[in-house]
Amino acid sequence: SVQEGESPFRFDALPQRRTHQATLALAFQERPLALSLKGGWDLEKTGYLPLEAEGRLQDQGYSLLLYHKRGLEEGPLETRLEGSLTPYPFALRASLRYDHPKALFDPLLLQGAYALPAGSLNPALSKASRLSISLPLI
């Protein structure tokens, strides 16, 4: 039962997710190339944060991304490669991620889209799932 002035919804107190970190990021960008490097220090655990490096080549009609995350004590953690082509009215995208600690690739993700006059056709295919097609409702 709800008393006057009380909310009928139950609100559980969320745990505090506060962290204290010092980070440093360096970036260089000169179209179509962008490079970045990020690292830091965890002030609570007194240890280094993983280094993150990213390289991106992007211009009108295409994009290529290479991302790598490496722990200083743990070694390589993650590598991701993404590419896309967008010649109008098509859009194609592929993404692949490698988890170094587990020595496993995530499922390859392939996406495509075609711009229709009343919306778009967006099929997506992943190694772990079936082909899914989404059409907008008119």
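**Close-up views**

**View A. Tyr48 is exposed, with a relative accessible area of 51%.** The model shown is predicted. The value for Tyr48 counts as exposed because exposed means over 50% relative accessible area. Trp41, in contrast, is partly exposed, at 31%. How many aromatic pairs does the structure hold? It holds 3. One of them joins Trp41 and Tyr48: the ring centres are 4.8 Å apart and the planes stand at 85°, so this pair is edge-to-face. The angle leads to that name because planes over 60 degrees apart count as edge-to-face.

**View B. Tyr98 and Phe105 form a tilted aromatic pair.** Their rings lie 4.6 Å apart, centre to centre, with 55° between the planes. Are these two residues buried, partly exposed or exposed? Tyr98 has a relative accessibility of 22% and therefore counts as partly exposed. Phe105 has a relative accessibility of 56% and therefore counts as exposed.

**View C. Strand 2 and strand 3 form a hairpin.** Strand 2 covers residues 33-42 and strand 3 covers residues 47-59. The two strands run antiparallel and are joined by 9 bridges. As an example of this pairing, Leu35 has Gly55 in strand 3 as its bridge partner. There are 4 residues between the two strands, and Thr46 in the turn has a positive phi of about 45°.

**View D. Strand 3 also pairs with strand 4, in the antiparallel sense.** Strand 4 consists of residues 62-71, and 9 bridges link strand 4 to strand 3. Within this pairing, Leu51 stands opposite Arg70 in strand 4. The hairpin of strand 3 and strand 4 has 2 residues between the strands. Which residue in this hairpin takes a positive phi? Gly61 does, with a value near 105°. In a regular strand, side chains alternate between the two faces of the sheet.

**View E. A nonpolar patch of about 860 Å² lies on the surface.** The patch is made by Phe28, Leu33, Leu35, Leu57, Tyr62, Leu64, Leu66, Leu81, Leu85 and Leu92. Strand 2, strand 4 and strand 5 (75-85) are the elements that give two or more residues to the patch. Which element supplies the largest share? Strand 4 does, with 3 residues. Leu57, another member of the patch, is found in strand 3. Leu57 has a relative accessible area of 32% and is therefore partly exposed.

**View F. Arg80 takes part in contacts with a ring and with acidic side chains.** The charged end of Arg80 sits over the ring of Tyr67, 4.7 Å from the ring centre. The side chain of Arg80 also meets that of Glu78 in a salt bridge, at 3.5 Å from N to O. In a further salt bridge, between Arg80 and Glu82, the closest N and O atoms are 3.2 Å apart. Glu78 counts as buried because its relative accessibility is 13%, and buried means under 20%. Arg80, at 22%, is partly exposed.

**View G. Glu82 forms a salt bridge with Arg93.** The closest N and O atoms of Glu82 and Arg93 are 3.5 Å apart. Glu82 lies in strand 5 and Arg93 in strand 6 (residues 90-99), so the pair ties together parts that are 11 residues apart in sequence. Arg93 is partly exposed, at 31% relative accessible area. The structure holds 6 salt bridges. Glu78, Arg80, Glu82, Arg93, Arg97 and Asp106 are linked by salt bridges into a network.

Methods:
Residues are numbered from 1 along each chain as its sequence is written. This is a predicted model: local features need pLDDT of at least 70, side-chain atom pairs count only at pLDDT 80 or more; totals for chains, interfaces and linings use all residues. Side-chain values use heavy atoms; hydrogens and water are left out. Two strands pair if DSSP finds at least two bridges between them. Patches are made of residues with over 30% relative accessible area and no salt bridge: like charges are joined within 9 Å, nonpolar side chains (Val, Leu, Ile, Met, Phe, Trp, Tyr) within 5 Å. Accessible areas come from the Shrake-Rupley method with a 1.4 Å probe; for residues, only the protein chains shown count as cover. A salt bridge is a side-chain nitrogen of Lys or Arg within 4 Å of a carboxyl oxygen of Asp or Glu. Buried means under 20% relative accessible area, exposed over 50%, partly exposed in between (1.4 Å probe, protein chains only). Rings of Phe, Tyr and Trp (its six-membered ring) pair if their centres lie within 6.5 Å; planes under 30 degrees apart count as stacked, over 60 as edge-to-face and the rest as tilted. A charge sits over a ring if NZ of Lys or CZ of Arg is within 6 Å of the ring centre and within 35 degrees of the ring normal.
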